[in-house]
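Subject: Structure for your review

Dear colleague,

Please find the structure we discussed below. A summary of what was found in it follows.

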Amino acid sequence: MSEEKILRILVAKAGLDGHDRGAKIIARALRDAGFEVIYTGLHQTPEMIAEAAVQEDVDAVGLSILSGAHMTLFPAIMGALKERGADDVAVFGGGIVPEDDIPGLTQVGVKKVFTPGASTQEIVDWIWANVEPRSGL
Amino acid sequence: MNKQEWLNEKYPQQEERSQRFSTISDMEIEPVYTPDDLNGSNLEGIGYPGEYPYTRGVYPSMYRGRYWTMRQFAGFGTPEDTNKRFKLLLSEGQTGLSTAFDMPVLMGYDADHARSLGEVGREGVSVSTIKDMERLFQDIPLDKVSTSMTVNCTASVLLAMYIAVADKQGIPRSQISGTIQNDMLKEYIAQKEWICPPEPAVRIVTDMIEFCAKEVPRWHAVSISGYHIREAGSTAVQELAFTLADGIGYVQAGVERGLDVDEFAPRLSFFFDIHNDFFEEIAKLRAARRMWAKIMKERFGAKNPRSLLLRTHCQTAGVSLTAQQPVNNVVRVAIQALAGVLGGTQSLHTNSMDETLALPTEESVTVALRTQQIIAEESGVTNFVDPLGGSWAIEALTDRMEKDAFAYIDRIDELGGIIRAINIGFPQKEIADAAYRYQQQLDAKEKEIVGVNSHVVEEERPLEILKIDPEVERSQIALVKQVKQERDRAAAEEQLGRVHAAARNGQNLMPVLIDAVKAHCTVGEISDVYREVFGVYQDPAWL
C-alpha cells in the first residue's frame, strides 16, 4: 500500500438513537491520528450511510449503534454497500453490542466490533493494520 | 498558622502520589479546605434546611420525614412485558413507576414504520396507540401510583394518552400524578431525539406546562434534565449550568405566554446525573438548589416559596459503568447513590450492574433497588439532614461550582438566551470538548477506571443478559396495523385535522391531542403532523 494515501473514513450513526458521544470522540481521535474523517451526523438510514460512503469515496466506515438494533442495521448497511458495489469498504463498529452477537456480525462481513472500554488508540492501531486504501476506479 | 503558611511550610514536607489532583470533571482540588476558602459566604449564610436559599435541602425534615422516592426506570418489549416488570417492582417495595419508551416512540414513529425496523421494544417499551398505553398500565391504579415517563419530542402525545387512559378508567385528572420528562432543550444539547426545531418544540412544552397547571395540577409537565448532558460527556459544572439555563428558557417561555410564574413554577422538576466523584456530586446538588432559588427570586420575581424549590430526581451515572468485571458496577452505583442521598435528592434511580451489556435482568434490577433500601434503612445517613453542610471542603466546592455555573449562564445570556446558544452549537461544542478531553485523560491513564485501564484481568464470567424476543417487533407491528384497520377512519382523520389546525394557529395542543389519541390516532401520525407544520430538525453534526 502506498504510504502517501491518507485513509478516508466515514463515521456513521445508524438508526434512531441519539447517543453521539462515542461517535464524535472516535471521529475526533481518528482525525487527530491523521485520517480524513467524515461524520454523517445522527439518525441515518442504511441507504444514507452507504450512499455517503460511495459519494465520499471512503476506505472504511465506522458505525456506532447503542440502541440494540445492531443485528438489523449492520446487515442492512452491508447489503446497501454491496448494492452500490462498495462491499470492499472496510466496516467496523462499536456501541452496546453483546459478545454473543459479534460472530453474527462478522459473518455478514463486519470486520471488527469494538466493545465498551476500547481505547481510541486501539481503534487507530486496528485501522492502520487492517484498512487498505481502496483501488480507485 | 494560617492556611498559606501551612501550605508553604508544612505540606511540602511529604510527597504527593500525583502532580495534580482534580475531580472527574477536571476541577482542581486543594490539599485542604479551611474557613478561609469560603470567600464571602460565611457559614451562617448557608442557612437551614427548608429555608432560602435551600442549600441544605428543600424540606426541613428531609429523610427524617420520609425517604426519597425509589423509582427504577423500566421499559422493554411489549406493553405486557413492561407491565409485568412494573408489578414486580411495586411488589418489591418500589414507590413510583418510571417508564422507558423505545427509540421509535422517542423519535415519533409507529412500530410499523420502516425506520422502526430492529428498534421496536429494544431500548424501552413499544407504544404506538392508546391500546398499547392501556395494556402498559393494565391493573395499575393510576390514582394510587405516581408515574414518570421518559419521553420528549412526543411527550405531548404520550401525556395525552396517559390522561385519556385515566379518563377511561374514570379517574379525575386532578388525581393523577407523575412527571413527564419533556425537556426538549436538552435534546438539542445532548440526548438528540427530536422532531422539529427548538422554537416550535418549546412552544409545545409551554402548551403542556400551561395545560397541566390548569387541568392536571399534580403533574410535573417538564423535568429539566442534566442527566443526558452529563452522560454526553459534560463536566459537572456544565451539567449544572446548562440544566439551569434550560430551566430559565422554560420559565421565560411561560412568562412570555402570559402565565403567572407562581402558577407553574412550583411544578417544574429537575433530573440530575450522579457520577463517581463523590464530593463534587454532593456539592453540585447543593449548588443547584441555591442557584435555582436565586434565579427564581431575583430573575423572575417569584413570590411563592414553592416556586423557589429545586426538587430533583437523580440517577446514577450509566456512563460510569463498565462492561469489564460488571459486578464491580454494584459498588459504583452504591457510592453514587449515597452521593445523591447526601446531596438531598427527592427521588432516585439506581442503575443495574449489567446495563453496559443490555437492558437489565430482574435479578440485577432487584440488587439496584436493594442498594437504595440499604442506604435508607441500614446506613443511618437518613437520620441526618445535610450532614455534610458546614464541611469546609463541601462548602468551598459548592461555592465554586455555583460561581462557575453562573459564569456559563451569563455567557448564554450574552449569546441571546439558550435557544440562540443551541442554534450556534455553544453547549454542544463545550460538551464535546469536555468528553474528548476526558477520553484523552483515560487513554493517558491520567484518570483511572478499574477493569478498563487499571486492574485489568483477562478472564471474565459473562453475566446472564436480557434478550428481547424478535417476536415483540412482529406482534407490535401487527397490533398497530390492526388498530389502524379497525378504528373509525373518518373520526381519526377529523381529529388529526384538528391537531393540524391547533399546531398552525397556536391554540393549546393538549385538549385536541387527548381527543385524537382517544380516536386512535397514533404516535407516528401525530408526529407527522408536527413534521409537516413545524419542519424537521437536522443534526448539525458538529464535531
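How many residue pairs are in polar contact across the interface of chain A and chain B? The model is a predicted one, and the rule finds 15 such pairs, counting those in which both residues are at pLDDT 80 or more. On the chain A side, the elements that give two or more residues to the surface touching chain B are α1 (21–32), α3 (70–83) and α5 (120–130). The greatest contribution comes from α1(A), with 8 residues. Sorted by class, this side of chain A has 13 nonpolar, 15 polar and 8 charged residues.

The interface may also be described by its area. The size of an interface is often given as the accessible area lost when the parts come together. Here, chain A and chain B bury about 3,000 Å² between them, and 54% of this lies on carbon and sulfur atoms. The residues that lose the most area in chain A are Leu16(A), Arg21(A) and Arg28(A), which together account for 28% of what that side buries. In terms of contacts, 36 residues of chain A and 40 residues of chain B take part.

Salt bridges are found here too, with a count of 3 between chain A and chain B. Arg28(A) forms a salt bridge with Asp433(B), in which the closest N and O atoms are 2.6 Å apart.

Over all chains, a search of the whole structure finds 49 salt bridges. Three further pairs may be of interest to you.

- Lys13(A) and Asp17(A) meet through their side chains in a salt bridge of 2.9 Å, N to O. Asp17(A) has a relative accessible area of 0% and is therefore buried; Lys13(A), at 0% relative accessibility, also counts as buried.
- Asp20(A) and Lys24(A) form a salt bridge at 3.8 Å, N to O. Both Lys24(A) and Asp20(A) are buried.
- Arg230(B) and Glu281(B) are joined by a salt bridge at 3.0 Å, N to O. Arg230(B) belongs to helix α8 (residues 227–231) of chain B and Glu281(B) to helix α11 (residues 278–299) of chain B, so the pair ties together parts that are 51 residues apart in sequence. Arg230(B) counts as buried because its relative accessibility is 2%, and Glu281(B) is buried with a relative accessible area of 0%.

In chain B, salt bridges with shared partners also link Arg203(B), Asp207(B), Glu210(B), Lys214(B) and Arg257(B) into one network.

Another charged residue to note is Glu525(B), which is found in helix α20 (residues 523–534) of chain B. Is Glu525(B) buried or exposed? Its relative accessibility is 16%, so Glu525(B) counts as buried. Leaving aside residues up to four places away in sequence, Glu525(B) touches Asp110(B), Lys484(B), Arg487(B), Leu496(B) and His520(B).

Finally, I turn to the nonpolar interior. The largest nonpolar core has 166 residues, and those touching the most other members are Leu30(A), Ile127(A), Phe101(B), Met133(B), Leu158(B), Trp292(B) and Ile526(B). A second, separate core has 26 residues, including Ile65(A), Ile77(A), Val91(A) and Leu105(A). As for Phe101(B), its contacts beyond four places in sequence include Leu106(B), Val125(B), Val127(B), Leu136(B), Met149(B) and Leu158(B).

Yours sincerely

Note on methods:
Residues numbered from 1 in each chain as written. Chains lettered and ligands numbered in written order. Predicted model: local features only at pLDDT ≥ 70, side-chain atom pairs only at ≥ 80, totals over all residues. Heavy atoms only, no water. Core = buried A, V, L, I, M, F, W, Y, C linked by side-chain atoms within 4.5 Å. Buried < 20%, exposed > 50% of the residue type's maximum accessible area, 1.4 Å probe, protein only. Contact = heavy atoms within 4.5 Å. Buried area = accessible area lost by both parts, 1.4 Å probe. Salt bridge = Lys/Arg side-chain N within 4 Å of Asp/Glu carboxyl O. Polar contact = N/O pair within 3.5 Å; in protein donor to acceptor, adjacent residues only side chain to side chain. Helix = DSSP H or I, 4+ residues; strand = E, 2+ residues; numbered from the N terminus. Nonpolar A, V, L, I, M, F, W, Y, C, P; charged D, E, K, R; others polar.
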